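This report describes selected features of a two-chain structure for a reader who is new to the subject. Please keep the sequence and the model in view while reading.

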Amino acid sequence: MPNTNAHDRKKFDDFIDQYGDKAIRYAYVTLHSRPDAEDVVQEAFLRLWRHAGRRGVDTLSAALLFRTLTNLCRDRMRHQRRHPEDPTDLLELTQGEEDESPWILDSGAVLEAVMQLNPQERQCVLLFYYMDRSLKETAEALRVSEQVVKTRLYRARQHLKPLLQPIWKENSL
Amino acid sequence: MSYDREKQLGELLDQALGEKLGLYFQPAWHPSHALSRRRTRNWRIALGTVGVAAAIVLALPFTVQLPHGHGAVSNRTLSAIHLPKRLTRIIAQVSQGPMTVASMVPVYASYPLARPTGHNLSITGTFHINGATGTSLSLLVNNHMQMQGGMIFHNGRPVYVFTGSNPHSGTAINAPNATPVQSEDHVKAQWYPGGNVAIGTFSAAGSHVYVTHGNLWSDMIPGSNDYWIQSPASPPATTIDSIAGLPADPADAVLTEESPSGLSRGFVTTNGGITWQGWGLGSASVSTLIAINHRFWAILNGTLAWSTNGFAWNSILPLNPKNWQVETYAVDPANPEIVAVSLIPISGDGLGPVLETRNGGKTWAEVPHFPAIGAAPTTMVMNTNGDIAALINADGPVVVRYVASQQRWSVLPIPAAPISAGGLGQLAASANGNLIYGAPGGAIYQWIANTDQWLVIKPPPGLDSAGLAANPLQAVGNNQILAGYPSGWAYFYEPVSESTGTVVAKSAIQSDVTRAGLQQ
């Protein structure tokens, strides 16, 4: 970040503290690939770093971060479609060692169910339920209308319902 | 899934992604570290490149002429889009300097089969043709990357449009001038204050004027003080999504409230809001709820539906819900059998067709040749001739019109907004077919259909638009416009006779305003 001063650097670090973990998780769920997610998140924060240098660190926002991430993920998915590979990361999750903690197993099953959604629904679910973005913010990040977000969430819930029903029943969550 | 479980969904995902998979942001990814690594790598690449270049220069005593530099992409994204040479040559005729393909959106112009029929390319750069200069080019190409049409924008405003493969065959789009709404000394067209709260939705039906604000609603009764009532949901909703009163029976209204999950529940009143009853559909995805004459209309779970009582809803578009959803729609105010819908594909980003039915949904036909703007309509309105106007919020607001008698779309030039005013526009229509356009920045423009002229209405005094377009923006009859802003709402009354176009007496205005329920 040009003209970096300690104050701005501290603000940027706070921004990373606040959204860094969520960003890597959002990218991972969107892309199904840990290396790709790591690349995309680094690129996203690099772009925000430059953006902060040009426009000031106060112009950074969660909406800007997730819009940047979404665009980068879209580019990476386009690349993946041209160079298809197996989503091995998902197998890591589903075929991993037995969990010693039952709630971790439940959360893993929830994640597995979410991973079975199509990419658009996954992004909506992540932004809306996990990132706590509003309908409007989710729509802005995905560059679609709120109506589209509503419909994608609706369909995601329809798809998740049968997948999650056994988990909800067994664990009375 | 219940609401509680939906709340847990986020927590469980957090646990799975964090503690199970160990997905945490690593300090080494901080841009300051990444940048220094990238610089080192760039140095290595640069040195290597210099070495290779030197070897090539020594080994090849001739040079290869590079193609003309258009289509070269600077600041490449992870997978930059490359254009075929044939298309690049055509674009080069209008492009000056380097350009970048900013996006490529699939276009699905066939219904019901959801397969791409082409793409819409958005290209940034400097474009100059037939005296028009722009900063971005939106191109429609078919699956063989053959140009079908395009539009040049200058800072988000359309300045040139063409169809077919020859960009030179198009026409320039000049922003029209707008004149202030006329008034006479004894009778003024003016704003009347509505209230100092940001309203969510608005619906005028006879003497009832239904308004929502947060999770409150009100029926603004003439001559009485404002009163606000909490959402009928139990527990009360955080937001009332929309409200609509039936013009043919104004005591009938439908209210939808939005839960945190994004789904809505509906309530129906048949006595002007004294009592409300659940609509029996449970939670559903609802948007664009309106009432025209005897029917409520809404986009319900992605498709268009209507109801005469708010309880029984009839879908009139046999959509394959896996492929399509309705983005927006327009209904002929004189004939509910004539309806137009704008579709978008559900399976990803893309633009769908605009369809029209003239028999209540029995058959649908595409309204063809929608201009290459690069985005789907966000609002559509229809007049009693069956003409459609659509607002597209692309890089900037664009209004297009479909004239049924001519069976063609054309751009309706809109007055230029200040460069500082960005963002979304709003569109509404009066009963007589005049269009009301809410521009970014807060000003409202009225397009008079008979004369093809624009009038400008300054934002209401005392209300801060915060640089945004009026929202909600709605016409009531032919002479009134309601506009909401972040700091409050107001309505504008134009004392113009529908038949003669002349100013009418002030007493008549007050009578009309009172009848419409808007007088304070």
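Helices (H or I, at least four residues) and strands (E, at least two) are DSSP runs, numbered from the N terminus. The expected span of a helix is 1.5 Å times one less than its number of residues. The model is predicted, so that local features need pLDDT of at least 70 and side-chain atom pairs count only at pLDDT 80 or more, whereas totals for chains, interfaces and linings use all residues. Residues are numbered from 1 along each chain as its sequence is written, while chains are lettered from A and ligands numbered from 1 in the order in which they are written.

**Chain A**

Chain A contains eight helices and zero strands. The table compares the expected span of two of these helices with the distance between their end C-alpha atoms.

| Helix of chain A | Residues | Expected span | End C-alpha distance |
|---|---|---|---|
| Helix 1 (6-31) | 26 residues | 38 Å | 35 Å |
| Helix 2 (34-55) | 22 residues | 32 Å | 31 Å |

For helix 1 of chain A the two values agree, and for helix 2 of chain A they agree as well. Helix 1 of chain A nevertheless has a kink of about 50 degrees centred on Tyr19(A); the bend at a residue is the angle between axes fitted to the seven residues ending there and the seven starting there. His32(A), which follows helix 1 of chain A, has a positive phi near 65 degrees. Gly56(A), just after helix 2 of chain A, has a positive phi of about 105 degrees.

Of the 173 residues in chain A, 47% are buried (20 or more other C-beta atoms, placed from the backbone, lie within 10 Å of the residue's own). The buried residues of helix 2 of chain A include Asp36(A), Val40(A), Phe45(A) and Trp49(A).

**Chain B and its contact with chain A**

In chain B, four strands form an open antiparallel sheet in the order 8-35-34-33, where two strands pair if DSSP finds at least two bridges between them. Strand 8 (190-195) and strand 33 (473-476) of chain B each have a single partner strand, so one side of each is left without a neighbour in the sheet. Strand 8 of chain B pairs with strand 35 (residues 488-493) of chain B over five bridges, and Pro193(B) stands opposite Ala490(B).

Between the chains, 40 residues of chain B are in contact with 45 residues of chain A, a contact being two residues whose C-beta atoms, placed from the backbone, lie within 7 Å. Helix 1 of chain B gives the most to the side of chain B that touches chain A, with 14 residues.

Technical notes: Buried ≥ 20, exposed ≤ 12 C-beta atoms within 10 Å, placed from the backbone.
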